[in-house]
Number of protein chains: 2
Amino acid sequence: MTNDLFLRACRRQSVERTPVWMMRQAGRYLPEYRAVRARHDFLTMCKTPELASEVTIQPVEIVGVDAAILFSDILVVPEAMGMHLTMVEAQGPRFSSPIRSAGDLRELKPVDPERQLRFVMDAIAMARRGLNGRVPLIGFSGSPWTLASYMVEGGGSKDFRNIKTMMLDEPALLEQLIDLLTETVRRYCEAQIASGAQAIQIFDTWGGILDPEHYRKFSLDPMFEIVSTMQRGDAPVIVFSKGAAHALGDIAAIGADVVGLDWTVDIASARSLIGDGVALQGNLDPSFLYASPENIRKEVRSILRKFGRGPGHIFNLGHGILPGVPVEHAISMVRSVHEESPEFHR
Amino acid sequence: MTNDLFLRACRRQSVERTPVWMMRQAGRYLPEYRAVRARHDFLTMCKTPELASEVTIQPVEIVGVDAAILFSDILVVPEAMGMHLTMVEAQGPRFSSPIRSAGDLRELKPVDPERQLRFVMDAIAMARRGLNGRVPLIGFSGSPWTLASYMVEGGGSKDFRNIKTMMLDEPALLEQLIDLLTETVRRYCEAQIASGAQAIQIFDTWGGILDPEHYRKFSLDPMFEIVSTMQRGDAPVIVFSKGAAHALGDIAAIGADVVGLDWTVDIASARSLIGDGVALQGNLDPSFLYASPENIRKEVRSILRKFGRGPGHIFNLGHGILPGVPVEHAISMVRSVHEESPEFHR
């Protein structure tokens, strides 16, 4: 592989400079992505390996990131389980029949990822061929809790009323759903690795809406189950629970190679809390990419300095890149990491 | 005063049971509030002392809370500074000319709260008369950072693009705005106390969108300035920074009597981190009020048990009560606190 900085950093091996990629880097801030998107709807792009692999590779060539992440959506999994998914413009994803009862749960189908999610596996294989060893390819899945949130709410939510009511009033039903998703996500990640994904990130986008006790039970424990039972060869696993600053120590203990940090966490404190047994990924505020390139560089440097010397840091944003960010600013952020980080690895 | 449990708990004096109130308790979940709101728009209610004091008292009589909080809105302050405020149905507040430049900033007018915010002072006096000593009355203000966010964005925001860009690219301009707001908020709180508010809560609703370094500079330090210079007699001050779990120790050190906790914080860990020098307020997940009264009681008990024995706990939600909550569930939560808490004070 030409550039394996990302994989070495995940394993806390020494690197010449800090690798960098961005969550949602295959996305709307890129004119080249918008050009593809103008001709195809979002789900068609997810399900057409030629399109998915094309936009997966775009940020490697345009922005210069040190890893590619598969272009896909976490909700293709519930769709493969039999739920009807639509993407409503400016409103986000919608499931027409959310999971609210034991009957709804029984209608979910077991997923063989190699069959129902064949398009993901083909996109991975195609992206690997297109990358041709330039940088590693990351696969991903939503966490069981995050998937369950969408499936029970029927889409995005402000108050997560339905799943939280289920959690308190029908915990056994929610546990069944989470168990089913835990098994499904594990097999989905294994299939991605078998198809060529060289690392896996688990996105726990909604872990942070829970109080610590329920977070542990419904979000963290299922991810522990996945990480500790997954057949993953030498592929590192990254766990990213947004908004779960209160549980960093617990997250670091579930056996993932890398813990993702959102921007509300001080990466120096996180490193001293967690120690050097786990690599850290993050954590520039995504809105900072709206600032001038000079000030983006200052903030990049601030995070590099806070992490400090030595291996085990993958630079990233603290959440997905925002659609309105000028692409030159994203390029400038990546260049700043490349230019400012070598001194921390001498 | 008939019931001074809230004030005693703020001062960490012994109480027979834990006092409870709810953020946004004068709000849409109450049919009696909706009846008033059906006849008057939101800002008219804020600016008509008879109406504001009426809805301020409603939850005391209907829900049985141990404190009243003035019905008002944090954005009456920027409006008094000369900004044009509208409340757009289902969209929230809007300022037609947000603050984006030094010129915009210069147009803001100094506020004499006794004059431009006379309606707040009159509502406080009227609510005090209506309460007639049954429970204490809490006044409040937005924090300088939270007010600045609305003023610069022109309303609510997902990515806070404008204020974060200003923070990085024009920090001196943002500092000027924050300084002006710090002085204004201090005098606004002092005027509320002079008019009869028996405690003050500072709502730092948007503190949690900042990384720790900028949080300290732009959100926490201005609140420290306010708390340490405010003439407040014996009125306790509560500081509530939503989403700032990472900074609890620092928040506890700014000199407020009470630190508000959102529901993502474990109140037991917070107490052991902060110690017994400061009272804690919180922190039931507001969405839990959608669950059955039996399960609400379980969760209430869980929080009481986590806080443990002794004084210094004011029970509250971890954020405002949600508009769709059945009023019986709110009543049931309050009753649960009243019935379950005495054993922790024996």
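In which sense, parallel or antiparallel, do strands S8 and S9 of chain A pair, and over how many bridges? In this predicted model, strand S8 of chain A, which spans residues 279–284, pairs with S9(A) in the parallel sense, and five bridges join the two strands. Within this pairing, Gln281(A) lies opposite Ile314(A) of S9(A).

The pair belongs to an open sheet of seven strands in chain A, arranged in the order S1-S4-S5-S6-S7-S8-S9 with parallel pairing. The sheet is bounded by strand S1 (68–69) and strand S9 (313–317) of chain A, the edge strands, each of which pairs on one side only. In general, the strands of a sheet pair through backbone hydrogen bonds, in either a parallel or an antiparallel manner.

The arrangement of the two chains was examined next. A turn of 180° with a shift of 0.0 Å along the axis lays chain A on chain B with an RMSD of 0.0 Å. The two copies are therefore related as by a two-fold rotation axis. Both copies use the same surface, since 100% of the contact residues of chain A recur in chain B.

The contact between the chains draws 26 residues from chain A and 26 residues from chain B. On the side of chain A that touches chain B, the elements contributing two or more residues are helix H10 (161–169) and helix H15 (293–307) of chain A. Of the elements on this side, H10(A) gives the most, with five residues. By residue class, the side of chain A that touches chain B comprises ten nonpolar, eight polar and eight charged residues.

Note on methods
Residues are numbered from 1 along each chain as its sequence is written. Chains are lettered from A and ligands numbered from 1 in the order in which they are written. This is a predicted model: local features need pLDDT of at least 70, side-chain atom pairs count only at pLDDT 80 or more; totals for chains, interfaces and linings use all residues. Copies are superposed by least squares on the C-alpha atoms of residues with pLDDT of at least 70 in both. Two residues are in contact if their C-beta atoms, placed from the backbone, lie within 7 Å. Two strands pair if DSSP finds at least two bridges between them. Helices (H or I, at least four residues) and strands (E, at least two) are DSSP runs, numbered from the N terminus. Ala, Val, Leu, Ile, Met, Phe, Trp, Tyr, Cys and Pro count as nonpolar, Asp, Glu, Lys and Arg as charged, and the others, Gly among them, as polar.
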